[in-house]
Amino acid sequence: MVLPDGIVRADISIRDGRIAALTDDRDSPASQEEIDATGRIVLPGLIDPHVHMREPGAEEREDWQTGTAAAAAGGVTTVLEMPVSVPPTSTVDAFQIKRRIAEQKAVVDFGLYGGAGITNLEQIPRLAEAGAVAFKTFLHEPYPDRVAEFQGIYATDDGALLDIFRAVERTGLVQCVHAENNGIIEHRTRQLRAAGQVGPRAHGESRPVIAEVEAVSRTMLLAAEAGVRLNLCHVSSASAVEVAEEYRRRRRARVTIETCPQYLLLNEEDVVRLGPYAKISPPIRSEPERARLWGLFAAGVVDTIGTDHAPHVRAAKERGWADIFEAPAGAPGLETMLPLLLTRVAEGALTLEALANVASARAARLFGLHPRKGGIRVGADADLVVVDLERTQTLDSARMYTKQREAAKLFHGRKVQGVPVMTLVRGQVVMRDGEVVGAPGHGRLVRPIVPGAPRKEAGHE
Ligand code: ZN
Ligand code: ZN
């Protein structure tokens, strides 16, 4: 098993959903039930800090049951869910609506982001009180057909953004941003459309690396001014990571960086091949950007990895073949992240310790879920994923649990080595041999420990 300080061979005793003891095989206490993981590796369950479950409001794309079943299948034991929904999670009422749905349907544990925008400033402290795990703000305008989903969670105006950051700073929670420069995107999109350039590559051309680099830079300056802890969501380019790393090192700024498997493992050639199915925002980059991003990731510069699981129905995606700007951005990812990362382990490009760190431990610390989540240690929730490092398979979207199997093409057909074979959430087996066996309603809301706030133990209610 991969412990916070190294790999050991041992037994895990679980009582009441928590890790009760880590012992040498010979002196483990007798148990009611035993799981034999001989020859396998046990990792802390993955914490995915970036998913979109689509419910309430767009259940034709995904819902809390199918989405968290996908998580369980992929070895993800806690999902942190973004506020894009109808209603968006930018009010306490909307937060409670979403929470009730998730409590009935979720197979794995979940945290809920609050949306932070200029129109809901007074809701920000109340969302924190209600248990929001962090706040999310988009810096670009909503897509014209999705305005209802983004209401109250974006700011294209720097003055407004500063007010939002100050309000979030007072809660002690992390401010997450989708950082792309709105002006550059709109200007380039108009130019490309006017020139009839609407093929798959045009999406990336409308959102060039500089749009991300500029927004990351500006957001870091404004966050420092407000004193808020800043987390940069789904950073897609090495250039933006380098700017963020240089700034935080020089200024000792409280900035963290998230990236996603699609930016580490795919490039523009995949975009041409997959068309609208590879349309995501920020876009998948050139091979030189991808290769440098992998280098930074392997060197530990990136703090967390999330899937940005964001399903859309196939018919909507298909519209993008004629005009890429007509397709929505986003793709499923919960079931492929762990096998993809394990494959890099098998290839010698990543250690198991680094994988556990970036995909679980650091997210737990960042979002105030440590020490209940994010590591195999006595007292922690028994959130575990058992993996078979020897087993190879071909990723097949037809066998996935996401509602959008037909749109899950990013990694379809890719050979992987290293497969999750069992997932436990608080001691309950929720996936066995690829089959999700967890009951809807097992998942619970996770609440963060807020730094500086005199608060009881992090965890569930
Ligand atoms: Zn985003
Ligand atoms: Zn997202």
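Okay, let's start with a question: in which loop is the place of Pro-282? The place of Pro-282 is the loop between helix H11 (268-274) and helix H12 (287-298). I open there since the bond into that proline is one of the oddities I want to show you: going from Ser-281 to Pro-282, the peptide bond is cis, with omega near -5 degrees. Keep in mind throughout that this is a predicted model.

There's another bond of that kind to look at. His-370 and Pro-371 are joined by a cis peptide bond, and omega there is about 5 degrees. You'll find Pro-371 in the loop between helix H15 (352-366) and strand E15. As background, most residues other than glycine have a negative phi, and most peptide bonds are trans.

That takes us to phi. Asp-16 isn't a glycine, yet its phi is positive, near 50 degrees. Asp-16 sits in the loop between E3 and E4, and with 77% relative accessibility it counts as exposed. Then there's His-234, again a residue other than glycine with a positive phi, near 30 degrees. Is His-234 buried or exposed? Buried, because its relative accessibility comes out at 1%. His-234 belongs to the loop between strand E12 (230-232) and helix H9 (238-251).

Right, let me step back to the whole chain. We have 15 helices and 18 strands. The radius of gyration is 21 Å, and the globule rule gives 23 Å for 461 residues, which is close, so the chain is as compact as a globular protein of that length. If you want a box, the C-alpha atoms fill roughly 70 × 50 × 45 Å along the principal axes. And 62% of the 461 residues count as buried.

Now the metal. Which residues are the protein donors of the zinc ion, ligand 2? They are His-50 through NE2, His-52 through NE2 and Asp-308 through OD, at 2.1 to 2.2 Å from the ion. In sequence, the spacing of those donor residues reads H-x1-H-x255-D. This zinc ion has a neighbour too: ligand 1, also a zinc ion, is 3.6 Å from ligand 2.

What does that long gap in the spacing do? His-52 is in the loop between strand E6 (46-51) and helix H1 (64-73), while Asp-308 is in the loop between strand E14 (304-305) and helix H13 (314-318), so the pair ties together parts that are 256 residues apart in sequence. Both of these donors are out of the way of solvent by the usual count: His-52 is buried at 6% relative accessibility, and Asp-308 is buried at 9%.

On to pockets, for those of you who like to dock things. The largest pocket has a volume of about 1300 Å³. It is lined by 42 residues, and the closest to its centre are Ile-12, Ser-13, Ile-14, Glu-33 and Ile-35. Which elements give two or more residues to that lining? Strand E3 (11-15), strand E4 (18-23), strand E5 (41-44), strand E15 (384-394) and strand E17 (428-432). E3 gives the most, with five residues. By class, the lining of the largest pocket splits into 18 nonpolar, 10 polar and 14 charged residues.

The second largest pocket holds about 680 Å³ of space. Of its 29 lining residues, Tyr-143, Pro-144, Asp-145, Lys-279 and Phe-325 are the closest to the centre. Helix H6 (182-194) and helix H7 (200-206) each supply at least two lining residues here, and H6 gives the most, with six. The classes for the second largest pocket are 10 nonpolar, six polar and 13 charged.

Last topic, the cysteines. How many disulfides does a search of the whole structure find? Zero. Take Cys-233: the closest cysteine sulfur is in Cys-176, and at 4.6 Å it is too far for a bond, given that a disulfide needs the sulfur atoms within 2.5 Å. Cys-260 has its closest cysteine sulfur in Cys-233, at 8.6 Å, again too far for a bond. On accessibility, Cys-233 counts as buried at 3%, and Cys-260 is buried with a relative accessible area of 0%.

That's what I've got, thanks everyone.

Notes. Residues numbered from 1 in each chain as written. Chains lettered and ligands numbered in written order. Predicted model: local features only at pLDDT ≥ 70, side-chain atom pairs only at ≥ 80, totals over all residues. Heavy atoms only, no water. 1 Å grid on protein atoms, 1.4 Å probe; cavity = no way out; pocket = protein on both sides within 12 Å on 5 of 7 lines; lining within 4 Å. Points joined across faces, edges and corners; volume = space filled by probe spheres on them. Helix = DSSP H or I, 4+ residues; strand = E, 2+ residues; numbered from the N terminus. Nonpolar A, V, L, I, M, F, W, Y, C, P; charged D, E, K, R; others polar. Donors = N, O, S within 2.8 Å, 3.2 Å for Na, K, Ca; no water. Buried < 20%, exposed > 50% of the residue type's maximum accessible area, 1.4 Å probe, protein only. Rg over C-alpha atoms; globule rule 2.2 N^0.38 Å.
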